[in-house]
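These are my notebook entries on one structure, set down in the order in which I looked things up. I begin with a single buried position and work outwards from there.

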Amino acid sequence: MGAHGEPGDASAGRADRPPARRTARLSAILRRRVLPYEWAALAALALLALAMERLPVRYNLPQLWKTGLGVFGRPLVQASAAFFAAYLLWTYFRSPRSGRLAHFRARLAASAYARAEFWTDTARAFAAVWIVLTAHFLVKISIRLLNPRVFDPWLWRYDRILGLGHDPVLVLLSWLSWPPLLHAVDLVYTVLYGLIFMAYLAVLAVASPSRTLRVAAVTGFCLLWIAGGLLYVAFPSWGP
């Protein structure tokens, strides 16, 4: 009901909900046995199982999961360790010179890093991310078997519409026709992109002192990659 007895919509009620109640609700979610990003990982596994059932071939899944652990898991742990080491150095050298070690220990003891819950959450987040990313790329390499249609002509047409009659890919290729520049772009995509990707995820997973924000960030990351995999299957394209 509204302020004067008129019926009010549900969205208005949610908007008027006190922040303390919303925080309590989020805290209740986090106390559950399965965290939101773990539900996302389970959903990714279910979608992968459905996809694998439609394939005319069978993969060596244990080996592919092991490869995914090396491709995604190891760099993620390394990036997180580098971030944590940088945090420790930053905290230490920002402490007053007088009694620096004691001050450093006190700050570390008061941080989220001193709680076992933080480290178990981080391990669970990394496991969920490994599952989601590996499932994503297993589906991606199977697209031609899952959906043989190709949407390139349709996508090229809309590219030209968005480019006001010009083909953005051809324009870009004309600008990047110098071979060393093409190699530089390829290097940025294959190397720098991977480094930024893992560093970004590491910061999302371990940087925030708020458990709610960490869980929300990792959950959003997982859902984004699941949605990307579904779009790949729905609109296959060789791509420019």
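**Entry 1: Ala-112 and its surroundings**

I began with Ala-112, which is buried, with a relative accessible area of 12%. I note at the outset that the model is a predicted one. Ala-112 is placed in the loop between H5 and H6. I then looked up its contacts, setting aside neighbours within four places in sequence, and found Phe-118, Pro-209 and Arg-214. I also checked Ala-112 against Arg-211: the two are 99 residues apart in sequence, and their C-alpha atoms are 8.7 Å apart in space.

**Entry 2: The chain as a whole**

I next turned to the overall make-up of the chain. I recorded 11 helices and 0 strands. Read from the N terminus, the elements run α-α-α-α-α-α-α-α-α-α-α. The chain has 240 residues, of which buried residues make up 28%. I also looked at contacts between residues at least 6 apart in sequence, and 75% of these join residues at least 24 apart.

**Entry 3: H4 against H5**

Which helices should be examined on either side of the loop that holds Ala-112? The loop lies between H5 and H6, and I took H5 before H6. Helix H5 covers residues 100–110 and packs with H4 at an angle of about 130°, the axes being 8 Å apart. I therefore entered H4 and H5 as oblique to each other. The crossing of H4 past H5 is right-handed.

I listed the residues that meet. From H4 they are Tyr-87, Leu-88, Thr-91, Tyr-92 and Phe-93, and from H5 they are Arg-100, Leu-101, Phe-104, Arg-107 and Leu-108. Sorted by class, this contact of H4 with H5 has 7 nonpolar, 1 polar and 2 charged residues.

I looked further at Arg-107, which is in helix H5. Arg-107 is partly exposed, with a relative accessible area of 34%. Between Arg-107 and Tyr-92 I noted a separation of 15 residues in sequence and 9.1 Å in space, C-alpha to C-alpha.

**Entry 4: H4 against H6**

How do H4 and H6 pack, and at what angle? Helix H4 (residues 61–94) and helix H6 (residues 116–140) pack at about 135°, with axes 9 Å apart. That angle makes H4 oblique to H6. I recorded the crossing of H4 and H6 as right-handed.

The H4 side of this contact consists of Leu-61, Leu-64, Trp-65, Gly-68, Leu-69, Phe-72, Leu-76, Val-77, Ser-80 and Phe-84, and the H6 side of Trp-119, Phe-126, Val-129, Trp-130, Ile-131, Leu-133, Thr-134, Ala-135, Phe-137 and Leu-138. By class, I entered 17 nonpolar, 3 polar and no charged residues for the contact of H4 with H6.

**Entry 5: Aromatic pairs**

I then went through the rings. A pair of aromatic rings is described by the distance of the centres and the angle of the planes. The count came to 13 aromatic pairs. Trp-65 and Trp-130 form one that is edge-to-face, at 5.6 Å centre to centre and 75° between the planes. This pair links distant parts of the chain, since Trp-65 is in helix H4 and Trp-130 in helix H6, 65 residues apart. Are these two residues buried or partly exposed? Trp-65 counts as buried, at 17% relative accessibility, whereas Trp-130 is partly exposed, at 22%.

I looked up a second pair, Phe-137 with Trp-225, which is tilted: 5.9 Å centre to centre, 40° between the planes. Phe-137 lies in helix H6 and Trp-225 in helix H11 (residues 211–234), so this pair ties together parts 88 residues apart in sequence. Phe-137 is partly exposed at 29% relative accessibility, and Trp-225 is buried at 16%.

I also found a cluster, in which ring pairs link Phe-84, Tyr-87, Tyr-113, Phe-118 and Trp-119. Phe-118 had already appeared among the contacts of Ala-112.

**Entry 6: His-136**

My last lookup was His-136, which is found in helix H6. His-136 is buried, with a relative accessible area of 6%. What does His-136 touch, not counting residues up to four places away in sequence? I listed Trp-225, Gly-228, Gly-229 and Tyr-232. Trp-225 is thus named twice in my notes, as a contact of His-136 and as the ring paired with Phe-137.

How values were computed:
Residues are numbered from 1 along each chain as its sequence is written. This is a predicted model: local features need pLDDT of at least 70, side-chain atom pairs count only at pLDDT 80 or more; totals for chains, interfaces and linings use all residues. Side-chain values use heavy atoms; hydrogens and water are left out. Axes are lines fitted to C-alpha atoms, for helices over the stretch in contact, and angles run from 0 to 180 degrees between N-to-C directions. Helices (H or I, at least four residues) and strands (E, at least two) are DSSP runs, numbered from the N terminus. Angles under 35 degrees count as roughly parallel, over 145 as roughly antiparallel, 65 to 115 as roughly perpendicular and the rest as oblique. A crossing is left-handed if the near helix is turned anticlockwise from the far one by less than a right angle, and right-handed if clockwise. Contact means heavy atoms within 4.5 Å. Ala, Val, Leu, Ile, Met, Phe, Trp, Tyr, Cys and Pro count as nonpolar, Asp, Glu, Lys and Arg as charged, and the others, Gly among them, as polar. Rings of Phe, Tyr and Trp (its six-membered ring) pair if their centres lie within 6.5 Å; planes under 30 degrees apart count as stacked, over 60 as edge-to-face and the rest as tilted. Buried means under 20% relative accessible area, exposed over 50%, partly exposed in between (1.4 Å probe, protein chains only).
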